[in-house]
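Me: I should like to work through a protein model by asking about its parts in turn. Please reason through each reply and finish on the item requested.

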Amino acid sequence: MKVLHTSDWHIGRTLYGRKRYEEFGAFLTWLAETIQQNEIDALLVAGDIFDTSAPSNRAQELYYRFLCRVAASCCRHVVVVAGNHDSPSFLNAPKELLKALDVHVVGSSTESPEDEVLVLRNDQDTPELIVCAVPYLRDRDIRVAEAGESVEDKERKLIDGIRTHYATVAALAEQKREELGANIPIVGTGHLFTAGGQTVDGDGVRELYVGSLAHVTAGIFPACFNYLALGHLHVPQEVNGSKTIRYSGSPLPMGFGEAKQPKSVCQVEFHSTAASVQLIDVPVFQRLERVKGDWDGISSRILELSATGSPNGSGVWLEVIYDGTEVIGDLRERLEAAISGTQMEILRIKNNRIIDRVLGQIHEEETLDDLNVNDVFERCLAVHDVPEEQRPELLRAYQETVSSLYEDDVQAE
């Protein structure tokens with residue numbers, strides 16, 4: 001049996017104001033074709049299908065059109081679990097309808113862990129795979145808050161809650177396999193942050209929990225999983241050196257920091273319960289380039305790019321970071337002249353030299369894209385002269401508030 005593992009599509013995400021629907025559409029078309037060409041039997045999508053909890057109509061259209069296309073292909077099953085960016089109620093709303101297409105959706109954990117244990121059957125109604133479809137586990141799903149508890153207490157409860165949840169669904173899966181009397185593989189999913197996981201600056205990966213962030217270790221996952229399909233981190237990677245515990249990574253670069261990073265999906269082939277994994281490279285649908293240096297370095301790199309262009313004719317989106325010693329007041333005008341008549345477009349310019357010369361360390365030209373929510377709050381504390389000793393506790397309280405806002409399901413009302 002062949003299973004394809006992907007995650008973190010983030011359909012609807014923009015890049016410095018530019019919409020990217022053509023890229024998302026091109027990826028989903030490529031994915032559907034890859035499923036057909038490689039004769040994939042089941043597709044696992046490990047969270048963050050959409051970039052926001054209220055996706056646009058166009059984002060929804062891309063998603064549902066893809067599911068219809070895959071349902072009509074050789075692929076017998078699609079399993080979709082929610083990530084931290086997704087609205088559980090939005091994903092769950094059409095689940096009964098999608099089930100008719102053999103698309104299984106798990107938007108959130110429920111009081112019945114059995115809801116996350118799926119037995120997938122072939123055309124002859126023979127069980128062929130058990131999936132522990134664990135979605136992103138929200139704080140409120142796995143931890144009961146108590147007055148006066150420390151950050152360490154919260155973290156310990158989070159880790160214990162995640163461990164208990166996985167142990168429960170894994171035990172149910174093993175029980176089902178025993179009842180079926182079939183030696184079939186058990187696959188788990190997850191959308192979380194493992195200890196030691198690699199991230200890239202500017203990829204938009206949110207820390208999931210307050211405190212020391214509840215990065216789980218590989219030892220938290222039950223040994224009965226023959227493969228564990230993870231989402232949340234955008235860099236494709238193994239967990240703790242295991243070939244069968246993996247992040248597929250995001251299929252598209254979420255920012256210029258990922259521009260050079262190869263993207264892939266994971267093809268998992270089972271022989272009985274033994275899994276072998278092959279990475280399938282995802283093509284570049286929109287070329288991104290970060291150009292950094294002094295003026296000579298930047299202009300020569302732009303000249304190189306104009307000569308090579310983009311392989312699919314889509315042009316090149318640029319982020320330009322000037323850090324030369326010469327102060328250039330007309331940097332934007334020079335850059336616009338340099339790309340005139342080419343297929344390049346500059347999405348962002350950062351003039352480090354003029355910032356340092358005129359503003360010192362204030363960095364007035366920074367945009368909100370340069371800062372995360374914690375940076376903004378810490379600067380507010382500084383501006384209002386809040387005493388240093390009070391700041392850590394205020395920051396923790398703020399982080400809890402932001403975390404609860406992220407986890408509110410705006411589509412549930």
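The questions and replies below concern this predicted model.

Me: How many helices and how many strands does the chain have?
Reply: The chain is made up of 413 residues, of which 50% are buried. Its secondary structure elements are counted separately for each kind. The totals are eleven helices and 15 strands.

Me: What percentage of the contacts with a separation of 6 or more is between residues 24 or more positions apart?
Reply: The count is restricted to contacts in the chain with a separation of 6 or more. Within that set, the share from residues 24 or more positions apart is 72%.

Me: With which strand does strand 1 pair in the parallel sense?
Reply: Strand 1 (residues 2–6) has four of its five residues buried, so the rest of the structure largely encloses this strand. Strand 1 runs antiparallel to strand 11 (residues 264–271), with four bridges between them, and here His 5 has Cys 266 as its bridge partner. The parallel pairing, also over four bridges, is with another strand, where Thr 6 is partnered by Val 45. That strand is strand 2.

Me: What is the handedness of the β-α-β unit made by strand 1, helix 1 and strand 2?
Reply: Strand 1 and strand 2 are paired in the parallel sense. Together with helix 1, these two strands form a β-α-β unit. The unit is right-handed.

Me: Which helix gives the most residues to the largest nonpolar core?
Reply: In soluble globular proteins, nonpolar side chains tend to be buried together. The largest nonpolar core here has 37 residues, and those with the most contacts inside it include Trp 9, Phe 27 and Tyr 63. Among the elements that give two or more residues to this core are helix 1 (21–37), helix 2 (57–71) and helix 3 (88–92). The most, eight residues, comes from helix 1.

Me: How many residues are in the second, separate core?
Reply: This core is separate from the largest one, and its members include Val 117, Leu 137, Tyr 166 and Tyr 247. The size of this second core is 31 residues.

Me: Is His 104 buried or exposed?
Reply: His 104 belongs to strand 4. Leaving aside neighbours within four places in sequence, His 104 is in contact with residues including His 77, Val 79 and Leu 118. Its relative accessible area is 16%, and the cut-off for burial is under 20%. His 104 is therefore buried.

Me: What is the C-alpha to C-alpha distance from Val 106 to Ser 89?
Reply: Val 106 is found in strand 4 and counts as buried because its relative accessibility is 5%. Leaving aside neighbours within four places in sequence, its contacts include Val 80, Asn 92 and Pro 135. Val 106 and Ser 89 are 17 residues apart in sequence. In space, their C-alpha to C-alpha distance is 9.7 Å.

Me: Why is the sulfur of Cys 75 without a bond to the closest cysteine sulfur, and how far away is that sulfur?
Reply: Cys 75 counts as buried, because its relative accessibility is 6%. The structure holds zero disulfides, and a disulfide requires two cysteine sulfur atoms within 2.5 Å. The closest cysteine sulfur to that of Cys 75 is in Cys 74, and it lies too far away for a bond, at 6.5 Å.

Me: Which strands stand at the edges of the open sheet of three strands?
Reply: Strands of a sheet pair through backbone hydrogen bonds, either parallel or antiparallel. In this open sheet the order is 13-14-15, with parallel pairing. Two of the strands have a single partner strand each, so one side of each is left without a neighbour in the sheet. These edge strands are strand 13 (287–293) and strand 15 (344–351).

Me: Which residue is the bridge partner of Val 320 in strand 15?
Reply: Strand 14 (residues 316–322) pairs with strand 13 in the parallel sense over seven bridges. Strand 14 is also joined to strand 15 by seven bridges, and these two strands run parallel. In strand 15, the partner of Val 320 is Ile 349.

Me: Through which helix does the chain cross from strand 14 to strand 15?
Reply: The crossover from strand 14 to strand 15 is a right-handed β-α-β crossover. The helix concerned lies across both strands and runs at about 160° to strand 15. It spans residues 331–339 and is helix 8.

How values were computed: Residues numbered from 1 in each chain as written. Predicted model: local features only at pLDDT ≥ 70, side-chain atom pairs only at ≥ 80, totals over all residues. Heavy atoms only, no water. Pairing = 2+ DSSP bridges. Contact = heavy atoms within 4.5 Å. Axes fitted to C-alpha atoms, helices over the stretch in contact; angles between N-to-C directions. Core = buried A, V, L, I, M, F, W, Y, C linked by side-chain atoms within 4.5 Å. Buried < 20%, exposed > 50% of the residue type's maximum accessible area, 1.4 Å probe, protein only. Right-handed = clockwise from strand over helix to strand, strands pointing away.
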